[in-house]
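Subject: Handing over the model

Hello,

Here is the structure I promised to pass on to you. My notes on it follow below, so have a look at the model first and then read on.

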Amino acid sequence: MAGSAAPETDPSDPGLLSGEALMGLRHLARRGSAPATRTLAGLPGGIVTRRRGRGSEPDDVRLWSEGDDMRHIDRNATARTGELHVRTHHDERDRAVVLLADFRPSMLFGTRRTLRSVAAAEALALLGWRVVGDGGRVGLVVGHAGEPTALRPAGGERAMTAITGALALAHARALDAAEAADPPLEPLLTIAASLLPSGGHLVIASALDAPGRDFDHLLTLAAEKLSIRLILVSDAFERARPAGLYPFALPDGRRGTLDAGRGRPPAASAEERLADYAHRGIAGIRLDVEAGPEAYAPLMERLDAVL
């Protein structure tokens, strides 16, 4: 495979990720968004609130009116006209966001619609299109069994073209190494943090399987300098797995049977894991693999509001 071009994929294969399909999500990402969305912020959920404060970017100068804050009087305009003028401001939206996609072997799994890794890429692409559409800058870190991929934050359609192509290429390489063991996620945090200024935004899409012994500690430390959000990818089989024997097939053609015995202790639910991270100041959402991009779009709109 030459250069860094995205590989050609068969869109009918649920295990493959198409850069062209991720490019097509830009229209879905912008559907239903309004200018007001860019001035709202809140926790992902049913309540959205306006950002507090007057913002940091100058917006306009107008005549003073009753109720205006005297601290906002524009001295130059007032002196020039002999009448009180105030300067208004708007919130600065030049955001730097790094998208972290987990394509490690444990993410190459799915029982409905597609693989967890593909669902993660779809959600991140939707979010990326929203960010660049509002004038922000987007970067990328992808982890798999090989060398990680890293792109510095940049703006505009050119940045998203590079990101969607990099996602597709990294996913193809991940499938080639599907039999390897999961490397830890800690190095990816270090790479992502190096791409962002203090106060930047990191969005991690992963099922967080075997993240590494020090992952939670490093994530908590990173949250002191960065705004971190989690997209916890969840397959239907994980949420409701009755005991029994389950046949499976691996990308290399091998087949076998998984024994989901009754005696095993239940794993923590996605909601419990998200609540645990929320207590550390790291908010997140659950992403159901089977739902698809149409359902992901409003979730990413809500997530975009807090970045």
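In this predicted model, six strands form an open sheet in the order β7-β6-β5-β8-β9-β12, with mixed pairing. Helices (H or I, at least four residues) and strands (E, at least two) are DSSP runs numbered from the N terminus, and two strands pair if DSSP finds at least two bridges between them. The edges are held by β7 and β12 (283-288), each with a single partner strand, so one side of each has no neighbour in the sheet. On average, neighbouring strands of this sheet are turned by 15° against each other, direction ignored. Angles here run from 0 to 180 degrees between N-to-C directions, with axes being lines fitted to C-alpha atoms, for helices over the stretch in contact.

Two bits of bookkeeping before the rest. Residues are numbered from 1 along each chain as its sequence is written, and side-chain values use heavy atoms, with hydrogens and water left out. Because the model is predicted, local features need pLDDT of at least 70 and side-chain atom pairs count only at pLDDT 80 or more, while totals for chains, interfaces and linings use all residues.

At the β7 edge, β6 (residues 137-143) and β7 (residues 149-155) pair in the antiparallel sense over five bridges. These two strands form a hairpin with five residues between them. Within the hairpin, V141 has A150 of β7 as its bridge partner, and L140 stands opposite L151 in β7. Towards the other edge, helix α8 (residues 270-278) lies across β9 (227-234) and β12, and runs at about 160° to β12.

Now for α3, which you will probably want to look at next. This helix (residues 116-133) has 18 residues and reaches 26 Å from its first C-alpha to its last. That is close to the 26 Å expected at 1.5 Å a residue, where the expected span is 1.5 Å times one less than the number of residues. Of its 18 residues, 17 are buried; buried means under 20% relative accessible area, exposed over 50%, and partly exposed in between (1.4 Å probe, protein chains only). After α3 comes G135, with a positive phi near 90°.

What does α3 give to the largest nonpolar core? A nonpolar core is a set of buried Ala, Val, Leu, Ile, Met, Phe, Trp, Tyr and Cys residues joined through side-chain atoms within 4.5 Å. The largest one has 51 residues, and F103, L167, V203, I231 and M300 have the most contacts inside it. The largest share of this core, twelve residues, comes from α3. There is also a second, separate core of 24 residues, with V98, L196, L219 and L232 among them. Back in the largest core, M300 touches A123, L126, L127, R130, I231 and I285, not counting residues up to four places away in sequence; contact means heavy atoms within 4.5 Å.

A few loop residues are worth a click. Most residues other than glycine have a negative phi. R113, in the loop between β5 (96-102) and α3, has a positive phi of about 65° although it is not a glycine. With 37% relative accessibility, R113 counts as partly exposed. A210 also has a positive phi, near 45°, and is found in the loop between β8 (201-206) and α6 (215-222). At 53% relative accessibility, A210 counts as exposed. D74, in the loop between β3 (57-63) and α2 (75-81), counts as buried because its relative accessibility is 9%. Leaving aside neighbours within four places in sequence, D74 is in contact with V61, H85, V86 and R87.

One distance you may like: R30, in helix α1 (residues 19-30), and D134 are 104 residues apart in sequence and 9.9 Å apart in space, C-alpha to C-alpha. R30 is partly exposed, at 27% relative accessibility.

Finally, the whole chain. Its secondary structure comes to nine helices and twelve strands, and buried residues make up 43% of its 307 residues. Of the contacts with a separation of 6 or more, 74% are between residues 24 or more positions apart. The accessible surface is about 16000 Å², of which 52% belongs to carbon and sulfur atoms; areas come from the Shrake-Rupley method with a 1.4 Å probe, and for residues only the protein chains shown count as cover.

Best wishes
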